[in-house]
Amino acid sequence: MKKIEAIIKPFRLEDVKNALAQLGITGMTLTEVKGCGHQRGHTEFYQGNEYISDFLPKLKIELVLADSQVEEAVNAIVHAAKTGKIGDGKVFISTIDEAVRIRNSERGELGL
């Protein structure tokens with residue numbers, strides 16, 4: 001099993017969800033986050049004063065999938081989230097040793 005963490009621009013969420021749904025993947029966790037990287041933030045004005053916001057709003061999508069689903073899911077996320085501009089985000093993949101469904105104690109891929 002693998003955990004996929006994708007950091008994306010907020011306005012790309014529906015496209016990513018739809019792309020994953022076409023693969024039959026509907027379960028995910030979504031967190032609103034802020035981050036910085038090559039995009040470097042932006043300048044804003046508040047009450048006539050200019051300030052630089054280093055951390056920009058992003059969304060973090062987390063999924064745990066069977067190994068056989070990972071490549072398709074990552075490709076779907078990248079394709080749906082990509083705008084071709086700086087700040088499109090990142091996808092991280094890590095190994096999950098075990099999953100347990102709390103409701104009925106199913107383990108492994110059954111617990112997904």
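So, where is Arg 101 found? Arg 101 sits in the segment after β6. Keep that spot in mind, since we'll come back to it. One thing before we go on: what you see above is a predicted model.

Okay, let's start with the sheet. It's an open sheet of four strands, and reading across, the order is β2-β5-β1-β6, with antiparallel pairing. Which strands stand at the edges? Those are β2, residues 29–35, and β6, residues 89–95. Each of them has a single partner strand, so one side of each is left without a neighbour in the sheet. From one strand to the next, the twist averages 20°.

Now look at β1, residues 2–8. Seven bridges join β1 to β5, and the two run antiparallel. If you want a couple of positions to click on, Ile 8 has Leu 59 in β5 as its bridge partner, and Ile 7 stands opposite Lys 60, also in β5. A general point about strands helps here: in a regular one, the side chains alternate between the two faces of the sheet.

β1 also pairs with β6, again in the antiparallel sense, over seven bridges. For that pairing, try Lys 2, whose bridge partner in β6 is Thr 95.

Next, the helices. Helix α1, residues 13–22, packs on the sheet and touches β1, β2 and β5. The direction of α1 makes about 10° with that of β5. Then there's helix α2, residues 67–81, which lies across β1, β5 and β6. Helix α2 runs at about 5° to β1.

Let's stop at a loop for a second. Lys 9 is in the loop between β1 and α1. Is Lys 9 buried or exposed? It counts as buried, because its relative accessibility is 11% and the cut-off for buried is under 20%. As for company, leaving aside neighbours within four places in sequence, Lys 9 is in contact with Lys 58, Thr 83, Lys 85, Ile 86, Gly 87 and Asp 88.

Right, on to the pocket I wanted to show you. It's the second largest pocket, with a volume of about 260 Å³. How many residues line the second largest pocket? There are 16, and the ones nearest its centre are Gly 27, Met 28, Val 64, Leu 65 and Leu 112. Strand β5, residues 56–65, gives the largest share of that lining, with four residues. By type, the lining residues split into eight nonpolar, six polar and two charged.

Let me zoom in on one of those central residues, Leu 112. Leu 112 lies in the segment after β6. It's partly exposed, with a relative accessible area of 34%. What is Leu 112 in contact with, leaving aside its neighbours within four places in sequence? The list is Met 1, Val 64, Leu 65, Ala 66, Ala 99 and Arg 101. Take Met 1 from that list: Leu 112 and Met 1 are 111 residues apart in sequence, yet 9.2 Å apart in space, going C-alpha to C-alpha.

Another contact of Leu 112 is Ala 66. You'll find Ala 66 in the loop between β5 and α2. With 8% relative accessibility, Ala 66 counts as buried. Beyond four places in sequence, Ala 66 is in contact with Glu 109 and Leu 112. Ala 66 and Lys 3 are 63 residues apart in sequence and 9.0 Å apart in space, C-alpha to C-alpha.

And that brings us back to Arg 101. Arg 101 is partly exposed, with a relative accessible area of 24%. Not counting residues up to four places away in sequence, Arg 101 touches Glu 106, Leu 110, Gly 111 and Leu 112. For a sense of the span, the C-alpha atoms of Arg 101 and Lys 58 are separated by 29 Å, and those two residues are 43 apart along the chain.

Last stop, Ser 105, which is also placed in the segment after β6. What is phi of Ser 105 near? It's near 65°, a positive value in a residue other than glycine. As background, most residues other than glycine have a negative phi. Ser 105 counts as exposed, at 52% relative accessibility.

That's my tour, so let's have a look at the model together.

Definitions and conventions:
Residues numbered from 1 in each chain as written. Predicted model: local features only at pLDDT ≥ 70, side-chain atom pairs only at ≥ 80, totals over all residues. Heavy atoms only, no water. 1 Å grid on protein atoms, 1.4 Å probe; cavity = no way out; pocket = protein on both sides within 12 Å on 5 of 7 lines; lining within 4 Å. Points joined across faces, edges and corners; volume = space filled by probe spheres on them. Nonpolar A, V, L, I, M, F, W, Y, C, P; charged D, E, K, R; others polar. Pairing = 2+ DSSP bridges. Axes fitted to C-alpha atoms, helices over the stretch in contact; angles between N-to-C directions. Contact = heavy atoms within 4.5 Å. Buried < 20%, exposed > 50% of the residue type's maximum accessible area, 1.4 Å probe, protein only.
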